[in-house]
Amino acid sequence: MSSSVTNGDAQPSAIFDSLPYYDNELEQYPILKEKVEKELAREGKPPQTLHPRVPPPPTLFADHPLLQAELERVSNHQPLPPLDTARYQLPGPATPDNEEEWLDALRNARAQLEHQRLRQTNLALLQQYGSNAWRIHNYLNEASAKNMEKALEELKNLTIEVNRERKNFQTRLGSQLTSLETRWTELISSILQIEMANVALEVEIDRLNKREVELAASL
């Protein structure tokens, strides 16, 4: 298997070939693991800046100022503003002879009465339909949870199958590589033996040539 890595300086990509399901040199030779850890420690920490191709974070609720303000409040860990309880009170006019204050108090009383009427209506609707609505809501949530669990199980099975295929593929390739490496070693050994035999033959030929010269000179 191979993977290419390109750094941010537009340097040529480096190719790393490995068969992680087959290569076990780190287990066989612990000293290699120490060397790898030292090499990783020497490389230093990865850069903290993002890659130029990474898009900037999106601006949430750009068209909704209230939601954006609430998101900023939560991000800053600020508490909720206190409730305005003055709107639920029925204060009388400060000046009994002021007609405008009486009208304001009357409008406030009508608003409070309408608010209470709506609350009673909502409570009656909740009492009549709330239980069924919650049952339907829970049923939909359970169905969604089952679908998500099923999708998760299928994804896990797919992951296991992919890893099994990768392991079988890499094991098969590893066996072929081992066979080829053994064959290569045998050929190299044969070549070395042939070269040594050639050297020995050359020495023997030189000796015979010298002997021939000596015999020819003595005649």
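R107 is partly exposed, having a relative accessible area of 43%, and this arginine offers a convenient point of entry into a model that is predicted. R107 is the partner of E100 in a salt bridge whose closest N and O atoms are 3.7 Å apart, and E100 is itself partly exposed, with a relative accessibility of 45%. The pairing does not stand alone, for E100, D104 and R107 are linked in a network of salt bridges. A search of the whole structure finds 9 salt bridges, and two others are taken up further on, once the overall architecture has been set out.

As regards confidence, the average pLDDT of the protein is 85, and 92% of the residues score at least 70. The segment to read with caution is residues 1-10, where pLDDT stays under 50 and for which the model has 20 contacts beyond four places in sequence.

The secondary structure comprises 4 helices and 2 strands, and in sequence order these elements follow the pattern β-β-α-α-α-α. Three of the helices enter the account below: α2 covers residues 30-43, α3 covers residues 65-75, and α4 runs over residues 99-218. The overall dimensions can be read from the C-alpha trace, which spans about 160 × 40 × 30 Å along its principal axes. The radius of gyration is 43 Å, whereas a compact globule of 219 residues would have a value near 17 Å.

How much of this protein counts as buried? Of its 219 residues, 4% fall into that class. The exposed surface comes to about 20,300 Å², and carbon and sulfur atoms supply 60% of that area. As for the contacts with a separation of 6 or more, 30% of them are accounted for by residues 24 or more positions apart.

One such pairing across the sequence joins helix α4 to the loop that precedes it. Q112 lies in helix α4, while Y88 has its place in the loop between α3 and α4. These two residues are 24 positions apart along the chain, and their C-alpha atoms are separated by 6.8 Å. Once neighbours within four places in sequence are left aside, Q112 is in contact with R87, Y88, Q89 and L90, and Y88, treated in the same way, is in contact with Q112 and H115. Is Q112 buried or exposed? Q112 counts as buried, because its relative accessibility of 11% is under the 20% limit for that class. Y88 has a relative accessible area of 49%, and is therefore partly exposed, since the exposed class requires over 50%.

Helix α3 contains another of the salt bridges, formed by R73 with E70, in which the closest N and O atoms are 2.4 Å apart. Both residues lie in this helix, 3 residues apart, which is about one turn of the helix. Their accessibilities fall into two classes: R73 is buried, with a relative accessible area of 15%, whereas E70 is partly exposed, with 34%.

A pairing with that spacing of 3 residues is found in helix α4, where E186 and R183 are likewise separated by about one turn of the helix. E186 forms a salt bridge with R183, and the closest N and O atoms are 3.7 Å apart. Here both partners are partly exposed, E186 with a relative accessible area of 42% and R183 with a relative accessibility of 48%.

The surface also carries a nonpolar patch, formed by L26, Y29, I31, L32, V36 and L40, which together have about 530 Å² of accessible area. Which helix gives the most residues to the patch? Helix α2 does, with 4 residues. L32 is found in this helix, and its relative accessible area of 30% makes it partly exposed, because that value lies between the limits for buried and exposed residues.

Technical notes
Residues are numbered from 1 along each chain as its sequence is written. This is a predicted model: local features need pLDDT of at least 70, side-chain atom pairs count only at pLDDT 80 or more; totals for chains, interfaces and linings use all residues. Side-chain values use heavy atoms; hydrogens and water are left out. pLDDT is the predictor's confidence in each residue, from 0 to 100. Contact means heavy atoms within 4.5 Å. Buried means under 20% relative accessible area, exposed over 50%, partly exposed in between (1.4 Å probe, protein chains only). Patches are made of residues with over 30% relative accessible area and no salt bridge: like charges are joined within 9 Å, nonpolar side chains (Val, Leu, Ile, Met, Phe, Trp, Tyr) within 5 Å. Accessible areas come from the Shrake-Rupley method with a 1.4 Å probe; for residues, only the protein chains shown count as cover. A salt bridge is a side-chain nitrogen of Lys or Arg within 4 Å of a carboxyl oxygen of Asp or Glu. The radius of gyration is taken over C-alpha atoms; the globule rule is 2.2 Å times the number of residues to the power 0.38.
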